[in-house]
Amino acid sequence: MNYTSTILLDFNSTNYINRVSQLQIPNDTKSWLMGFVMTIYESDLEERYDKPMVWIGRYISLASLFCILAMLADLLHAVAMKLPVDLSGSMPGTVDQVAKLGSVAFMCTMMANLLPCLATMDSNAMLANVAALGVLVITLVWNVCIQIQTGVVSSVGRSKIIRDPRDIEMVYFEIPGIVLQGGYPDPLEVLFGVSYPTIAATYVTMLLVLLIIHVSSSLAILKSKQIIELKYQKAHEAASTCIQQLNGEMLTVEKLEPYVENYWIMAGSGSPQFIIACSATTTASGVICALTTILHIFTVGWSISEYTFNDCGSAYGKSTQLILIVQFIGVLLGTVAPLSRCFASLSFKVSIESIRNHTKVCKVESYWTQKLSDWKDSCIPFPFRSHKRMVVIKNMKSLILNFSIKLQKVVVVVCKVIALNPFFFTTCVLYCLRCLKWVFCSSGNKTNDLKGINYVLQLENEKELAERTLKDLSKSFKQLIRRSEKKQPKNLMNLIKTKTTKGFQGVRMFGNNDHHVQCSSSKVECRDCWSLAVVTLATIVLTLRMIKNMEVDSLLKSVREGLDYVTLVEKNLNATPEYVSIQKVAKRLWEEVDVYHIWLGIKLKDVASQVTTSASQEDATLQIVRIFLGKAKNKISEGVESKNGDYKFTSICANSMSHITETIISDHNESQQKSFDELISSRIADILAACLTNLPQVIAMECHTDVIEKREACVKAAAQLLGETKEIVKTLQGPSMEVPSLKREDLPFIDKWHAEP
């Protein structure tokens with residue numbers, strides 16, 4: 001024992017083998033002692049190598065936390081699944097076992113949340129995501145099965161956890177039938193004698209079912225989008241006739257609002273997410289997710305007494321507790337969305353006709369299997385030299401796809417059966433609420449407005465469902481309009497009402513003098529751009545603010561609000577390359593002026609400092625305009641001579657400043673009725689107002705897109721824009737403004753306004 005104690009006190013030294021070999025003891029004892037010391041040494045090395053696992057555990061907790069916020073982050077998703085795929089790591093403690101099971105439950109929750117998001121992807125992205133999900137799930141299932149077989153997910157625990165490999169008295173050797181210290185391990189049971197391997201097998205089964213549901217839903221989504229797209233194109237042709245019938249007339253708010261609402265109904269009812277959310281597979285996934293959560297709650301609750309003893313024997317240390325807590329919270333929170341989505345979609349479908357259709361569980365609609373049938377009937381894309389080989393492959397293809405079609409039908413029927421329970425529960429609750437409402441509330445004769453019923457897109461035509469869909473979508477549209485009306489740009493509205501001239505004379509005056517940009521040795525004509533003119537005038541205004549007693553904050557706020565809408569007009573209606581290049585210049589210039597207070601490398605405060613301090617406000621404005629005119633001409637000359645990388649940007653900006661300042665001075669000299677400040681603010685108001693006369697056309701264009709996944713977001717943006725600018729559009733279309741008699745296709749171009757007499 002003295003020899004053993006000596007070795008144990010120094011077992012970390014590098015010469016421990018020499019010490020044992022130098023002992024004067026029998027060879028068999030020396031061999032036994034050498035094996036024992038090597039075991040201790042290897043245990044010490046393993047402990048040293050396992051030290052980073054604690055930090056890995058904390059990282060898993062952090063990744064799981066982010067997965068709660070974003071269930072679809074694939075990278076974080078994979079990290080959060082570290083525990084169930086860890087084949088070699090020992091997980092002897094109760095907390096370790098429950099944490100490993102919790103990670104599988106967390107995976108089930110994430111899959112249930114992922115299902116509706118498949119509808120937002122195009123065909124290639126959906127195929128890639130489903131394939132990646134399949135690889136992950138199959139790998140996870142295979143790993144869990146191996147762990148059940150090898151005992152990593154064990155039905156027995158340890159009576160004592162070894163904290164220090166040198167504490168020999170606590171060590172027992174797990175030899176079948178022989179336990180040297182501590183007694184036999186205690187069985188780990190959760191509820192009614194159910195062991196952890198049984199729970200793990202249940203989770204694995206649910207994972208596989210969810211994977212099959214994802215594949216089944218993907219096949220339905222592919223065909224559903226094609227059906228909805230055909231119906232959308234017909235409805236789009238019908239809705240666009242109101243624009244085509246205007247014959248050059250203004251698109252008023254009264255005509256525009258029902259137009260946008262029709263597209264809102266089409267986008268909402270034809271949304272792939274809405275369609276998949278109302279499907280039987282989504283309801284079934286919500287039920288499975290809820291069952292997984294209930295089982296996990298029982299598992300955690302039954303084992304909670306073990307947590308106080310810090311029963312964490314794995315290399316992850318106490319970070320396993322953190323993983324368990326975070327993922328348990330994630331399972332609870334992650335169940336809310338699938339379950340609420342399940343009941344919300346079912347409540348949307350409650351009607352006499354839908355109840356009758358819902359009970360027909362054996363009826364499988366064509367869109368579930370149509371994609372597989374199309375693949376079956378399609379030709380093989382590559383030729384075969386051997387006729388026999390071609391026949392064999394075609395027969396195999398038909399055999400596989402026939403089996404897939406039958407399997408798809410079975411999956412749909414099973415999902416419909418699973419969905420019956422929540423459906424009937426929701427039906428009973430809703431009808432009870434309707435009865436109470438009928439008893440306690442006065443039932444007035446309510447007439448439903450069904451004008452937009454033809455714009456409700458459905459896979460299967462159900463009149464009652466279409467009416468309910470129309471009612472809910474119309475209600476949500478009106479709510480969105482009301483919310484957007486509260487966000488109207490008040491400063492911009494006030495500027496347009498108070499400063500805009502009749503007939504937008506400020507825009508036409510800019511066309512009095514031809515101007516060119518000296519981008520090379522010859523003069524190159526520069527087209528005007530709404531945003532560039534506004535930014536150039538705003539540069540002068542911002543410089544005025546730097547002089548004492550020059551209050552122009554309200555005007556600058558109006559410019560900032562107005563430029564957002566000007567950008568939308570130019571993006572939709574001035575999208576030719578020549579205009580886009582000028583718009584990019586204006587965007588860059590505005591960033592330099594508004595953020596950094598610099599115009600072409602010249603600090604605005606330096607320009608303001610050149611103004612005579614004793615000058616009146618009128619004289620100060622005139623001095624600033626003349627200073628900018630001089631600097632603009634210098635920049636044009638410098639740009640032609642240097643021809644550096646930025647010469648085109650400099651020439652365009654300088655030319656715009658030169659032209660605008662010359663026009664302002666010329667107009668002021670011709671008419672002394674307006675001060676310089678009034679003249680500048682009136683010019684800004686006229687340019688913004690003239691540009692914003694195109695807003696109805698922009699809103700109408702924003703309603704439609706050919707990409708089905710982006711349709712809902714586009715219409716929402718159009719509806720918000722309509723609500724925000726409704727009063728502006730009404731003001732600009734009023735009799736006091738007198739919009740020029742230009743063709744509608746000419747209104748978006750400032751050059752056309754210049755040409756108008």
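**Exercise 1. A network of charges**

Identify which residues are linked in a network of salt bridges, and state how many salt bridges the structure holds.

*Solution.* In this predicted model, the residues Glu-257, Glu-485 and Lys-726 are linked in a network of salt bridges. The structure holds 12 salt bridges. As a general background to such pairs, side chains of opposite charge can pair when their charged atoms come close.

**Exercise 2. Lys-223 and its partner**

Determine with which residue Lys-223 forms a salt bridge, where in the chain the two partners lie, and whether Lys-223 is buried or exposed.

*Solution.* Step one is the contact itself: Lys-223 forms a salt bridge with Asp-374, and the closest N and O atoms of the pair are 3.6 Å apart. Step two places the partners, with Lys-223 in helix H8 (residues 196-244) and Asp-374 in helix H14 (residues 366-377), so that the pair links distant parts of the chain, 151 residues apart. Step three turns to accessibility, where the cut-off for buried is under 20% relative accessible area. Lys-223 has a relative accessible area of 15% and is therefore buried, whereas Asp-374, with 28%, is partly exposed.

**Exercise 3. Glu-738, a residue with two features**

Work out which residue Glu-738 pairs with in a salt bridge, why the pair ties together parts that are apart in sequence, and what phi Glu-738 has.

*Solution.* Begin with the pairing: Glu-738 forms a salt bridge with Lys-502, the closest N and O atoms lying 3.0 Å apart. Glu-738 lies in the loop between helix H27 (711-732) and helix H28 (750-755), while Lys-502 lies in the loop between H17 and helix H18 (505-508), and the pair therefore ties together parts that are 236 residues apart in sequence. Next comes accessibility: at 42% relative accessibility, Glu-738 counts as partly exposed. Last comes the backbone, where Glu-738 has a positive phi of about 55° although it is not a glycine. For context, most residues other than glycine have a negative phi.

**Exercise 4. Phe-504**

State where Phe-504 is found, what phi it has, and whether it is buried or exposed.

*Solution.* Phe-504 is found in the loop between H17 and H18. Although Phe-504 is not a glycine, it has a positive phi of about 55°. With a relative accessible area of 0%, Phe-504 is buried.

**Exercise 5. Asp-553 and Arg-545**

Give the distance between the closest N and O atoms of Asp-553 and Arg-545, and classify each residue by its relative accessible area.

*Solution.* Asp-553 forms a salt bridge with Arg-545, and the closest N and O atoms are 3.3 Å apart. Asp-553 has a relative accessible area of 33% and is partly exposed. Arg-545, with a relative accessible area of 32%, is partly exposed.

**Exercise 6. Surface patches**

Find which residues form a positive surface patch and which form a nonpolar patch on the surface, then describe one member of each patch, Lys-487 and Val-410.

*Solution.* The positive surface patch is formed by Arg-482, Arg-483, Lys-486, Lys-487 and Lys-716. Within this patch, Lys-487 is found in the loop between helix H16 (463-485) and helix H17 (490-499), and its relative accessible area of 59% makes it exposed. The nonpolar patch on the surface is formed by Phe-403, Leu-407, Val-410 and Val-414, which together have about 380 Å² of accessible area. Val-410 has its place in helix H15 and, with a relative accessible area of 48%, is partly exposed.

**Exercise 7. C-alpha separations across the sequence**

Establish what distance separates the C-alpha atoms of Lys-409 and Ser-366, and what distance separates those of Leu-470 and Met-266, adding the location and accessibility of Lys-409 and of Leu-470.

*Solution.* Lys-409 lies in helix H15 (residues 387-440) and, at 40% relative accessibility, counts as partly exposed. The C-alpha atoms of Lys-409 and Ser-366 are separated by 10.0 Å, the two residues being 43 residues apart along the chain. Leu-470 is found in helix H16 and is buried, with a relative accessible area of 3%. Between Leu-470 and Met-266, which are 204 residues apart along the chain, the C-alpha separation is 9.6 Å.

**Exercise 8. Cysteines**

Using a cut-off of 2.5 Å between cysteine sulfur atoms, state how many disulfides are counted, and classify Cys-145 and Cys-653 by relative accessibility.

*Solution.* With that cut-off, the count comes to zero disulfides. Cys-145, at 36% relative accessibility, counts as partly exposed, whereas Cys-653, at 0% relative accessibility, counts as buried.

Definitions and conventions
Residues are numbered from 1 along each chain as its sequence is written. This is a predicted model: local features need pLDDT of at least 70, side-chain atom pairs count only at pLDDT 80 or more; totals for chains, interfaces and linings use all residues. Side-chain values use heavy atoms; hydrogens and water are left out. Patches are made of residues with over 30% relative accessible area and no salt bridge: like charges are joined within 9 Å, nonpolar side chains (Val, Leu, Ile, Met, Phe, Trp, Tyr) within 5 Å. Accessible areas come from the Shrake-Rupley method with a 1.4 Å probe; for residues, only the protein chains shown count as cover. A salt bridge is a side-chain nitrogen of Lys or Arg within 4 Å of a carboxyl oxygen of Asp or Glu. Lys and Arg count as positive and Asp and Glu as negative; His and the chain ends are not counted. The place of a charge is taken as NZ of Lys, CZ of Arg, CG of Asp or CD of Glu. Helices (H or I, at least four residues) and strands (E, at least two) are DSSP runs, numbered from the N terminus. Buried means under 20% relative accessible area, exposed over 50%, partly exposed in between (1.4 Å probe, protein chains only).
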